[in-house]
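Colleague: I'm new to this one. Can you walk me through it?

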Amino acid sequence: MTTTEAPPAEIGRARTRKEDQHLITGHSTFTDSIVLPGMVHLAMVRSPLAHATITSIDTTAARKAPGVVGVWTGRDFPEQGGLACAWPITPDMKSPVHLPVPTDTVNHVGEIVAVIAARTKAEAVDAVELVDVQYSELPVVTDLAAARDGSAPVIHGDLGTNVSATWVFDSGEAGTGGNASAAIEAARSDPDQIVVERTFRQQRLIPAYMEPRSTVCDPNGVGDQITIWSATQIPHILRTMLTLSQGIPEGKLRIIAPDVGGGFGGKLEVTPEEVATIMVARQLGKPAKYTETRSETMMAAHHGRDQIQHLTLSARKDGTITGFDVDLTANMGAYLALVGPGVPILGAFMYNAIYKIPAYRFSCTNVFTNEVMTDAYRGAGRPEATFAIERMMDELATELGMDPIEVRRRNWIRHEEFPFTTVAGLTYDSGNYEEATDKALWHFGYDDLRAEQQRRRESGDRIQLGIGTSTFTEMCGLAPSRVLGSLSYGAGGWEAASIRMLPTGVVEVVTGISPHGQGHVTGFSQIVADRLGVPFENVKILHGDTNISAKGLDTYGSRSLAVGGIAVVKAADKVIAKAKTIAAHLLEASEDDIDFAHGTFTVRGTESSVTIGDIALATFTGHNLPDGVESSLDSEAVFDPENFSFPHGTHLCAAEVDTETGKVTIRKYVAVDDVGVVINPLLVDGQVHGGLAQGIAQALYEEAQYSVDGQLTSGTFVDYLVPSAVDLPDYITDKTITPSTSNPLGVKGVGEAGTIASTPAVVNAVLDAVRQFGVADIPMPMTPARVWQAIQDGSTTAGSNSSSMGGAA
């Protein structure tokens, strides 16, 4: 028997992205690129006030403006329903009605009060200034603490409170650990223990995706179907939610997400602008398009983060943690977004991180303010959790005079202890924190940098050096449907895929995942090429159109590969099973004697074989099939994970601080990540680099700020500082591989890892550089002004935090 050499494996190959050719050569189709016959263009009239009653709207002048074909206020849309929130985290959660175009009251700056349609975009925008809206101002709430404690005016009078819900997890009550409150109280009176309390602020962030949101609606599709193109991450969820909230039959809705220019969670939303565009198109009976300006993106699209974290940790004086209590106040903004209430809850399961914490309590209170609503932003709850615990590990090390790495080693789960059920109730299936940390320390030159740091301190160098650590894990592959059900989420976490075997050798893969820059087309092509043994170039990936991909739950939460990719694998395996039956028939052999490898079915022990491409053609002709076998290899599969995947890693940052100016320079950054089996190293590196940029941006640059009267004062890129390449360091990246046991590929998520890990690494490094001046904390972003002021304030700043030793109050 002769054998042929196997083709090189696709999985693990650093292929350049096949989708980039059309994206970078001007052949892409973004939503704003779409032009339809008779299409009108929309502009939104937005409230300049954060909280007010609408007393009157005069549209007379705007209706007479050149090119204007219609002007609508909220009262002109009697059909509009309130936008839905899909995550009622408690049975008594309070949720105000959120009309796409309000009729009576505005609750944040930028809320839509009227919609203008014109022949051109310029004519629509010009007419905005002609709409005369009269308001009666109402009290504005922007203070989270006041919103929570009841001292602020109630925003939504019918709710009677600014608190939407309080969600609590207690390991003692859940049976996953001890009672955190008891552990902490015992530590206060124990001379061999320490209690560390800190309050941190997770500032508000703006997703700042490359492509502003855009929607086109054609109400005149075949069979009365309404076709909607949207720059969205969630075409399938958008279709379902439009049916539930606006009463449009799901069968009449076709949602297309064409090329989408970034999202980071910021396009995981059913937006007022989408609904307004649909309502205008249906009333006019002609296509309508709305594309927002960058200023509208920053003012009216949802924001992320915005929490106050009050943390209490108890530990023995050898560094072993005995209890951890987390009390969050989370800003929902003026309304509840699609999954906004649940974002902090995702973090609830990650505050324990990689550590064997024996007792844990988490409480989150969601509150309303007169600011734009918050929702998912890259990491969605997990960056906030990682920041909290990694900052506290450094605080504990400081209080005990221990090395931060050593404190972590004392507490983390050892590799031989996997699988490990955590105090939060999750079972981590695999990991090796020791290996990732050792590799990071080697790349970093940890001991040499510590020695240099000491020399600089002793010499009183103007430029001080700090070293920051972040050893993290995250839960990815959102999500097992049963887990989501237990958390009252309004959908499942499965994903769907189908494979069509064309007679000419082309393989069409239909996925419910909808990309917006991740490289899905390339990665999925590599998986299918390996699984079916077909050329990479012969695999075509179809996505983002609910008429083509009828089932799916879309893209977020690092689920594309760990959930969507596994659905593709399972569909491919069904194709192979069907083809094997036909191969046995064609080769006149028992199916039990047929082997499959590298795209070829072979009778074991012989040279008799047939390729999967041959079988696809034979199936197409149908001339010689086994009795009772249909003429199709096409297969579909749905995958619902039984567990999350848990990537992890160690990130180390060396930061230099100019003590005379407060300027921070990242001198060295090392990221060693474990994302399981790597499908494409180039895609992984790209995701890590992009994530690092966003995490570092939170630490040093970005912050959405509101004035006390609810005005967004950082509404342009002049005031909201998104870092460019010159603001960021070179990264040293490496990986360890502990395959996930929860899926057949052994893969984990990677899209959020850099963002989750990097923020605390950078903040810890900056603080490590200036602690000698009595600085205990600096609010993010750590701008030069804030760093300089903290150094000047010295011990005054340190006094804002507290710790207790051996029973001290």
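Modeller: Sure, one term to start. Helices (H or I, at least four residues) and strands (E, at least two) are DSSP runs, numbered from the N terminus. Two strands pair if DSSP finds at least two bridges between them.

Colleague: And where does the model come from?

Modeller: This is a predicted model: local features need pLDDT of at least 70, side-chain atom pairs count only at pLDDT 80 or more, and totals for chains, interfaces and linings use all residues. Residues are numbered from 1 along each chain as its sequence is written, and side-chain values use heavy atoms, with hydrogens and water left out.

Colleague: Okay, strands. How do E22 and E23 pair?

Modeller: Antiparallel, over four bridges. E22 covers residues 594–597 and E23 covers residues 600–603. Ala-597 sits opposite Thr-600 in E23.

Colleague: What about the hairpin of E22 and E23, which residue there has a positive phi?

Modeller: His-598, with phi near 55°. Two residues lie between the strands in that hairpin.

Colleague: Where is Ser-558?

Modeller: In the loop between strand E21 (539–542) and helix H17 (560–586). Ser-558 is not a glycine, yet its phi is positive, about 50°.

Colleague: Switching topic. Which residues does a cis peptide bond join?

Modeller: Phe-418 and Pro-419 are joined by one, with omega about -5°. Pro-419 falls in the loop between helix H12 (404–411) and strand E16 (420–421). Met-780 and Pro-781 are also joined by a cis bond, omega about -5°. Pro-781 lies in the loop between helix H20 (753–770) and helix H21 (784–793).

Colleague: Now the big picture. What domains is the protein divided into?

Modeller: Domain 1 (20–27 + 494–639), domain 2 (34–138 + 210–262 + 267–300) and domain 3 (379–476 + 644–796). The bounds come from an automatic or database domain assignment.

Colleague: What separates the centres of domain 2 and domain 3?

Modeller: 39 Å, taken over C-alpha atoms. Their contact (heavy atoms within 4.5 Å) takes eight residues from domain 2 and nine residues from domain 3.

Colleague: How much area is buried between domain 2 and domain 3?

Modeller: About 570 Å², with carbon and sulfur atoms giving 61%. Buried area is the accessible area (1.4 Å probe) that two parts lose on being put together, summed over both. Ala-50, Val-109 and Met-298 supply 67% of what domain 2 buries against domain 3, more than any other three residues.

Colleague: How many salt bridges between domain 2 and domain 3?

Modeller: Zero. The rule wants a side-chain nitrogen of Lys or Arg within 4 Å of a carboxyl oxygen of Asp or Glu.
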